[in-house]
Each structure stands twice: as structure tokens, then as C-alpha cells.
Amino acid sequence: MSTGPGLESLVDQTISVITNDGRNIVGVLKGFDQATNIILDESHERVYSTKEGVQQLVLGLYIIRGDNISIVGELDEELDSALDLPNLRAHPLKPVIH
């Protein structure tokens, strides 16, 4: 199984992961394996709602199974820090069906 292009270059970078069940987890990529299982440090889950701001649930060191990952992307920390998450309203992500 391929790890996909570019994961090596994201080690020690802050990334955002969208899981198959619609969760958004942000953290520092510390490692991965051939099945694309990933290890995140200093991670938190962002929970979106149309009624209240984005909640950030602290997860700390976190492992995500490769078969539960839909999208992995590098996070622009400068742009991300400019977001007003407590006042941001959005619909929660729906699970990915494939």
C-alpha cells in the first residue's frame, strides 16, 4: 500500500485531517506508516455548529487509522490563527460515504 505523495514533507508540520465520520482533527504530524496510520501530537478536534462557535476539544497525542482518513492537508498556521473560531458558525461535516 502506498503512503501517498508528500506525507514525508509534512512531518513536524501542523496538518488538518478530515475523517470518514466527518471529524476535523488538527495537530502536528509526528509519523505515519505504510497503511497511512498517522500519529498527531498537540492535537484537537474542531466541532462545528450553526448555533454556537467552533469548539476545540483537546486530544493531545492521537493516532488515526489510515482506513478512517478521508483528507489530509497542511494547515496555514498564519491564516488559521486569524480565524475567529469562537464566533464562526458552520454546519457539521457529514460522514464520507464511499
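β1 and β5 run antiparallel and are joined by 5 bridges. One pairing sets Val17 opposite Val72 of β5 as its bridge partner. The model is predicted. Its chain has a mean pLDDT of 91.

**Sheet**
- The sheet is open and holds 5 strands, with antiparallel pairing.
- Strand order is β4-β3-β2-β1-β5.
- β4 (55-64) and β5 (69-74) each have a single partner strand, so each edge strand has one side without a neighbour in the sheet.
- On average, neighbouring strands are turned by 25° against each other, direction ignored.

**Nonpolar core**
- The largest nonpolar core counts 10 residues.
- Its leucines are Leu7, Leu10, Leu29 and Leu40.
- Ile15, Ile25, Ile38, Ile64 and Ile69 also belong to this core, as does Val17.
- Two or more core residues come from each of β1 (14-19), β2 (24-32) and β3 (38-47).

**Contacts of Ile38**
- Which residues does Ile38 contact, leaving aside neighbours within four places in sequence?
- Ile38 is in contact with Ile15, Val17, Leu29, Ile64 and Ile69, among them; these five are also members of the largest nonpolar core.
- Gly31, Phe32, Tyr62 and Ile63 are also in contact with Ile38.

**Confidence**
- In the chain, 95% of residues reach a pLDDT of 70 or more.
- Confidence is highest in β3, at 97.
- Helix α1 (residues 77-81) has the lowest confidence, at a mean of 92.

Key. Residues numbered from 1 in each chain as written. Predicted model: local features only at pLDDT ≥ 70, side-chain atom pairs only at ≥ 80, totals over all residues. Heavy atoms only, no water. Core = buried A, V, L, I, M, F, W, Y, C linked by side-chain atoms within 4.5 Å. Buried < 20%, exposed > 50% of the residue type's maximum accessible area, 1.4 Å probe, protein only. Helix = DSSP H or I, 4+ residues; strand = E, 2+ residues; numbered from the N terminus. Contact = heavy atoms within 4.5 Å. pLDDT = per-residue confidence, 0-100. Pairing = 2+ DSSP bridges. Axes fitted to C-alpha atoms, helices over the stretch in contact; angles between N-to-C directions.
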